[in-house]
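Colleague: Could you go through this model with me for a few minutes? I'd like to start with the strands and then move on to other things.

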Amino acid sequence: MDAQSAVQQLLLDHGAYSPVELLLAMGLLPNRDHVAWRRGETATLDAAFEDRSAVRGLLESAAAFARNLGLSAEAVTHEGREDGAGLDRRASSDRQLDTLLRTHYRRVPAEGDRQLDLWLDSGTTVAVNDLLGALLKRDPDAAGRALTQLAGLNPDPNRERWAATLIEALRSRPPTDHDLALDQLERMQMQWVPAASQLLVSRAPEFLRPLWQGIASGLDPARFEAGDGERHVSWIHRQCFDWERVRDSILAVPTHADAPVLIERLAEAECRLRNRVAAVAHWFALGRSAPERLKAALDSASFPDSALLAGWRAARASGLEPEITTAWFPAWMLLREPGLARALDFVGGARAPDRAFDSLKALLTSDSGNTERRADLQSAHPGLLAEFLALRG
């Protein structure tokens, strides 16, 4: 996924673009390093970046795209947590990168929209800032006092309802068992997330992440209900962009290989963790068990593996017969990326697309003519055999 697609996805999910959220989503900032920084265990995020200049370039591109979309920029602080609570955490020792990481972007409110940035009374503005600051510092008592003051200065029923909901969220305790966690998950989805999105806008993910993590702590990762993927803890870890926990919680489900929603989520996690071969293997498995689900993923501009995305578009435009659908796509990709033939395992299936994959894997990893494999590929998909022969010259 490129910077533009990632920004668009964040705008779709949250209505705003936060650079830290972008880096978490793309796997360029490990969640454990982000948490350690927020807690004050590390001075900056610099050590978490494999290539600081590349991160700076990515964020510059994302910022330019956000400005071209007409989004409004706002400078923010990075509130610390636990031992770092109440402190503004510096993101980078590189001044330019630090500025990029502190600049959020969101849509400019429409004319007449009573968003916080249109309240011009100075007393109201101070009270609003006090309320938002207390919420982001996770101080429900201070937030309650600020809300009372704000209601006296400028009553607004919606704002007061949202703020009261978030104060209640801060006062809630993490659930202690699976069923209590599911109850709190429903409250999170139905009340806390909408309120945070309305009141905190671009800062909503920052406020919500510890609440997501608290719910996750009460869920049993081995428990998975088919057809309800959002109630498995991996879905919550994905909301936090904690890709290691996404992977580990899915692998804790004994039947995860039979659940397409988990396989797709696992593939994305492995991709974000830079385990590309594992990710591709899971996406190909998804194509065998749930081809329409893989097609929907590949047809999305936010698909995280650019090489597979380019391969899919080339396959759709190839004109081969039979048509390259998601069932045939794994075999097609072996021709585009022969290195995958050595990295991936044989499928061993009897279906024609599986036979084509295994035949191409054998042909691409052997110097011999292997006439039996060629004959099997001819029988399964003559067009792929022709492409293989053209590749070999």
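Colleague: Which residue in E3 does Ala16 stand opposite?

Modeller: Ala16 stands opposite Arg106 in E3, and in that same strand the bridge partner of Tyr17 is Tyr105. Please keep in mind throughout that this is a predicted model.

Colleague: How many bridges join E1 to E3, and how do the two strands run?

Modeller: There are 2 bridges joining E1 to E3, the latter covering residues 103–106, and the two strands run antiparallel.

Colleague: And how many join E2 to E3?

Modeller: E2 and E3 are joined by 4 bridges and also run antiparallel; Glu74, for instance, has His104 in E3 as its bridge partner.

Colleague: What is the strand order in the sheet, then?

Modeller: The order is E1-E3-E2, with 3 strands forming an open sheet whose pairing is antiparallel. E1 (16–17) and E2 (72–75) stand at the edges with a single partner strand each, so each of them has one side left without a neighbour in the sheet.

Colleague: Which helix packs on that sheet, and at what angle to E3?

Modeller: That is H5, residues 95–102, which touches E2 and E3 and whose direction makes about 35 degrees with that of E3.

Colleague: Are the residues on the two faces of E3 buried or exposed?

Modeller: They are buried on both faces, with Thr103 and Tyr105 on one side and His104 and Arg106 on the other. As general background, side chains in a regular strand alternate between the two faces of the sheet.

Colleague: Changing topic, what is the volume of the largest pocket, and which residues lie nearest its centre?

Modeller: The volume of the largest pocket is about 930 Å³. Its lining consists of 38 residues, and those nearest the centre are Gln9, Asp13, Arg238, Gln239 and Glu268.

Colleague: Which helix gives the largest share of the lining?

Modeller: H1 does, with 6 residues, while the helices that each supply at least two lining residues include H9 (178–199), H10 (204–218) and H13 (260–272).

Colleague: How many of the lining residues are nonpolar, polar and charged?

Modeller: By class, the lining of the largest pocket has 21 nonpolar, 7 polar and 10 charged residues.

Colleague: Last topic, the whole chain: how many helices are there, and what share of the residues is buried?

Modeller: The protein has 21 helices alongside its 3 strands, and buried residues make up 51% of its 393 residues. Along the principal axes, the C-alpha atoms fill a box of roughly 85 × 45 × 40 Å.

Technical notes. Residues are numbered from 1 along each chain as its sequence is written. This is a predicted model: local features need pLDDT of at least 70, side-chain atom pairs count only at pLDDT 80 or more; totals for chains, interfaces and linings use all residues. Side-chain values use heavy atoms; hydrogens and water are left out. On a 1 Å grid over the protein atoms alone, a cavity is a set of points where a 1.4 Å probe fits but cannot get out, and a pocket is an open set with protein on both sides within 12 Å along at least five of seven lines; lining residues have an atom within 4 Å of a point. Grid points are joined across faces, edges and corners, and a volume is the space filled by probe spheres set on the points. Ala, Val, Leu, Ile, Met, Phe, Trp, Tyr, Cys and Pro count as nonpolar, Asp, Glu, Lys and Arg as charged, and the others, Gly among them, as polar. Two strands pair if DSSP finds at least two bridges between them. Contact means heavy atoms within 4.5 Å. Axes are lines fitted to C-alpha atoms, for helices over the stretch in contact, and angles run from 0 to 180 degrees between N-to-C directions. Buried means under 20% relative accessible area, exposed over 50%, partly exposed in between (1.4 Å probe, protein chains only).
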